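Here's a quick tour of a protein fold, written for someone just starting out. Have a look at the structure, then follow the bullets topic by topic.

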Amino acid sequence: MAFVAPAKSLALVPVQPFVPRQIPPREWLYGRAIIRRYISMVVAPGGTGKSALTMVEAVAMATGKTLLPGDNPVSPLRVWLHNAEDDRLELQRRLAAALQHHKLTLADLNNNLILSSGRDVRLSLARDGADGPKVDQRSVDRIVEQARELGVDVIMLDPLGALHTLPENSNEAMNLLMGALREIADKARVAVVLVHHTSKVASTNMSAAGAGASRGASALVDAVRSSRQLGQMTDKEAGNFGVPLDRRWEFIRVDNGKANLAPAQAARWVKLVGVSLNNGNVQYPQGDTVQTVEHWTPPTPTLGSAADLINVQRAVSQAAAPPRWSDKSPDWVGYLVADATGLDIGEPASGQKGRDANQNAARRKVVAMLNAWKREGALTTIKQHDGRTGRMMEVVEVGKSPAEPVQMDPQVVPGW
């Protein structure tokens, strides 16, 4: 790394009087994720849909339209999206899918979107050589010059790893790279958005990875103003939301990677959607189907109907012995709930490893119903002595009846 001589004088002075209300506000350009003169990052495992999301966000900013509720562009913005890996035709396919799905046309972009491919425009911000990590200042200056000349507000770089040859696990090297990106953001007065991959560990469990999901040294995340993490819906979340397990890959959770992850219900979600471009020809008559994203709101978990509760209460009251509240017991009340509601939660002796993913999802639904009914007082628990073990155990009793009236078949309701 080149040696920089220290400045002879830093010209330091005490704080001078100022009026706080006259300080310009931060220039948030897109929701609370992208801000002028700062760097933000989108982190995700491969194949999660980060390039599809990036394209939709670029279109939203270029048109000034809210395409993903909760993330609003401040106004129409000029966006430069550079994909270092895909060719120009693939970028056009992705753009066409985003426009078609969100009912927009090229005219709506108003010449505000600039696309470039690494196949045509090679950008290399820094390299590792015999003399150590070094910034490619010519490339940095070239990007600043182009951004100024074109009036760019946002530069999106996808993916970061293709824009340098530095060792990503080196904090020294990453500090150098992020310094170059800060220079671009500051000199060109643009927001810089980086698309980056996760570590191998994080790619298997994004929820557990937290803020450390990003691949490489901690200097990467430390240097950005905001970091968003994308992760596929988990089996547990699919079970809670009633999403078939073979379709959970379509649903992408978007979290703030520099803060504690939100509960699943409160997190931002997008859904991958396949869009047919109707561009078939003689050789390829089916043409292309390209992924884009749309906003998705998780449904309120279904916790069982009043009819379900009546059936469960009947089963509890007619049981030979009071069912247990603990799901560790073979006499767990959840097995009565499963029978009454037609859910398959596996056999008592199967254990977690003996259940498949669908049975585990159904089991979580049963737990949610039991907790809700207990909160509402429809089911109650009392402590009772266990004659076999000599210990106290918690058993379930019937509480109050459902608040809402339920129309049921007279043949199955006693007294009708």
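Keep in mind that what you're looking at is a predicted model. Let's begin with helix 11, which covers residues 333-341 and has Val-333, Gly-334, Tyr-335, Val-337 and Ala-338 buried. After that we'll visit a sheet of nine strands, then two residues in contrasting spots: Val-15, which is exposed, and Ser-214, which is buried.

**Helix 11 and its surroundings**

- What covers the buried residues of helix 11? Among the elements doing the job are helix 10 (306-318), helix 12 (357-376) and strand 15 (392-398).
- An α-helix has 3.6 residues a turn, so residues three or four places apart point the same way.
- With that in mind, try finding Val-333, Val-337 and Ala-338, which are among the buried residues of this helix.
- Right after helix 11 comes Gly-342, and its phi is positive, near 75°.

**The sheet**

- If you walk across the sheet, you meet its strands in the order 5-4-8-9-3-10-11-12-13; the sheet is open and the pairing is mixed.
- Which strands sit at the edges? They're strand 5 (113-117) and strand 13 (289-295), each of which pairs on one side only.
- On average, neighbouring strands here are turned by 20° against each other, ignoring direction.
- Zoom in on strand 4 (residues 79-83) and strand 8 (residues 154-158): they run parallel and are joined by five bridges.
- In that pair, His-82 stands opposite Leu-157 of strand 8.

**Helices against the strands**

- Helix 2 (residues 88-101) packs on the sheet, where it touches strand 4, strand 5, strand 12 (268-276) and strand 13.
- The direction of helix 2 makes about 45° with that of strand 13.
- Helix 5 (residues 171-188) lies across strand 3 (39-44), strand 8 and strand 9 (191-197), and it runs at about 150° to strand 9.

**Two residues to compare**

- Is Val-15 buried or exposed? Its relative accessible area is 72%, so Val-15 counts as exposed.
- You'll find Val-15 in the segment before strand 1 (28-30).
- Together with Phe-18 and Ile-23, Val-15 makes a nonpolar surface patch of about 350 Å².
- Ser-214 sits in the loop between helix 7 (206-209) and helix 8 (218-223).
- Why is Ser-214 called buried? Because its relative accessible area is 8%, and buried means under 20%.
- Setting aside neighbours within four places in sequence, Ser-214 is in contact with several residues, including Met-41, Val-43, His-196, His-197 and Leu-220.

Terms used
Residues numbered from 1 in each chain as written. Predicted model: local features only at pLDDT ≥ 70, side-chain atom pairs only at ≥ 80, totals over all residues. Heavy atoms only, no water. Buried < 20%, exposed > 50% of the residue type's maximum accessible area, 1.4 Å probe, protein only. Helix = DSSP H or I, 4+ residues; strand = E, 2+ residues; numbered from the N terminus. Contact = heavy atoms within 4.5 Å. Pairing = 2+ DSSP bridges. Axes fitted to C-alpha atoms, helices over the stretch in contact; angles between N-to-C directions. Patch = residues over 30% accessible without salt bridge, like charges linked within 9 Å, V, L, I, M, F, W, Y side chains within 5 Å. Areas by Shrake-Rupley, 256 points an atom, 1.4 Å probe, with all protein chains shown as cover. Salt bridge = Lys/Arg side-chain N within 4 Å of Asp/Glu carboxyl O.
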